[in-house]
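Q: Please take a close look at one part of this protein: the place where its two domains meet. Explain the terms as you go.

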Amino acid sequence: MLIIWGRINSHNVKKVVWGAHECGLDFERRDMGGSFGYTPDYLAKNPNRLVPMIDDGSVTVWESNAILRYLFAAHAPQLWPADPAIRAQGDQWMDWQFLYADAQRDAFLGCVRGGKDGSDPVVAKSAAACAALMAMVDAQLARQPFLSGESFGVADIPMGTYAHTWLSLPIERPALPHVEMWMERLRTRPGFQAIAAVPFT
Ligand SMILES: N[C@@H](CCC(=O)N[C@@H](CS)C(=O)NCC(=O)O)C(=O)O
């Protein structure tokens, strides 16, 4: 059975949990990282000392987007376009998500772990940076219904996970109708529902 290692309050772990649902996989998630610390066995497999990591039979993978690509290649290729040109369009949004995550960090930590809101200057600066980046996502979603293209795919999971957080934070947000409509589509997916049910901590 697939083992997903990592505390569930991590965005990068949530991405993998969502992906495992999309792939229809039975899996067990085991806490690691953060307040749970790291075992020597884990660090022997993942010297990067971060979560998530997966064990899938004899295969071990760390780095969340590498894990997603592996899972979909192995178990749900229909959700990762085979055409290199279409695949690359989605891939760019998957990788770009890490830039977005940097922008959202202060707003997330300030609001969720610091009890602040958009009136805090550090949170407000982060929220403004997020808004500018989310406007790029909105522009893309004005052209196509999913970041993966014409239908849902693996490339929707990374930014979908972060957009869910963005829409939940007590900050000012511009109206971004295409992001909102995309999120409505994502909310129908059981994998999204599984991670959206996890309280922010
Ligand atoms: N690029 C890495 C980033 C992983 C990462 O930064 N994970 C955070 C949680 S979201 C982490 O492990 N933080 C330290 C910890 O939880 O012990 C990935 O996508 O897997």
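A: What follows starts at the domain interface and then turns to a few single residues.

This is a predicted model, in which local features need pLDDT of at least 70 and side-chain atom pairs count only at pLDDT 80 or more, while totals for chains, interfaces and linings use all residues. Residues are numbered from 1 along each chain as its sequence is written, and side-chain values use heavy atoms, with hydrogens and water left out.

Start with the two parts. The domain assignment gives domain 1 (2-78) and domain 2 (82-195). Such bounds come from an automatic or database domain assignment. The C-alpha centres of the two domains lie 21 Å apart. Domain 1 brings 17 residues to the contact, and domain 2 brings 23 residues. Contact here means heavy atoms within 4.5 Å.

How much area is buried between domain 1 and domain 2? The value is about 1,700 Å², and carbon and sulfur atoms give 64% of that. Buried area is the accessible area (1.4 Å probe) that two parts lose on being put together, summed over both. In domain 1, the residues that lose the most area to domain 2 are H11, W18 and R69. Together they make up 43% of what that side buries.

Next, the polar side of the interface. Three salt bridges are counted between domain 1 and domain 2. A salt bridge is a side-chain nitrogen of Lys or Arg within 4 Å of a carboxyl oxygen of Asp or Glu. R69 forms a salt bridge with D91, and their closest N and O atoms are 3.1 Å apart. Six residue pairs are in polar contact across the interface, both residues being at pLDDT 80 or more. A polar contact is a pair of N or O atoms within 3.5 Å; within protein, one must be able to donate a hydrogen and the other to accept it, and residues adjacent in sequence count only if both atoms are side-chain atoms.

Which elements of domain 1 give two or more residues to the side that touches domain 2? They are α1 (11-22) and α3 (64-75). The largest share, nine residues, comes from α1. Helices (H or I, at least four residues) and strands (E, at least two) are DSSP runs, numbered from the N terminus.

Now zoom in on N65, which is found in helix α3. N65 counts as buried, at 3% relative accessibility. Buried means under 20% relative accessible area, exposed means over 50%, and partly exposed is in between (1.4 Å probe, protein chains only). Leaving aside neighbours within four places in sequence, N65 is in contact with K15, M94, D95, Q97, F98 and P158.

Just before α3 comes a backbone detail. E63 lies in the loop between β4 (59-62) and α3. Its phi is near 80°, a positive value in a residue other than glycine. E63 is partly exposed, with a relative accessible area of 37%. R49 also has a positive phi, near 55°. R49 is found in the loop between α2 and β3, and its relative accessible area of 48% makes it partly exposed. P52 lies in that loop too, between α2 (40-45) and β3 (53-56). A cis peptide bond joins V51 and P52, with omega about 10°. Most residues other than glycine have a negative phi, and most peptide bonds are trans.

Last, the cysteines. The whole structure holds zero disulfides. A disulfide is a pair of cysteine sulfur atoms within 2.5 Å. The sulfur of C111 is 9.9 Å from the closest cysteine sulfur, in C130, so it is too far for a bond. C111 is buried at 10%, and C130 is buried at 0%.
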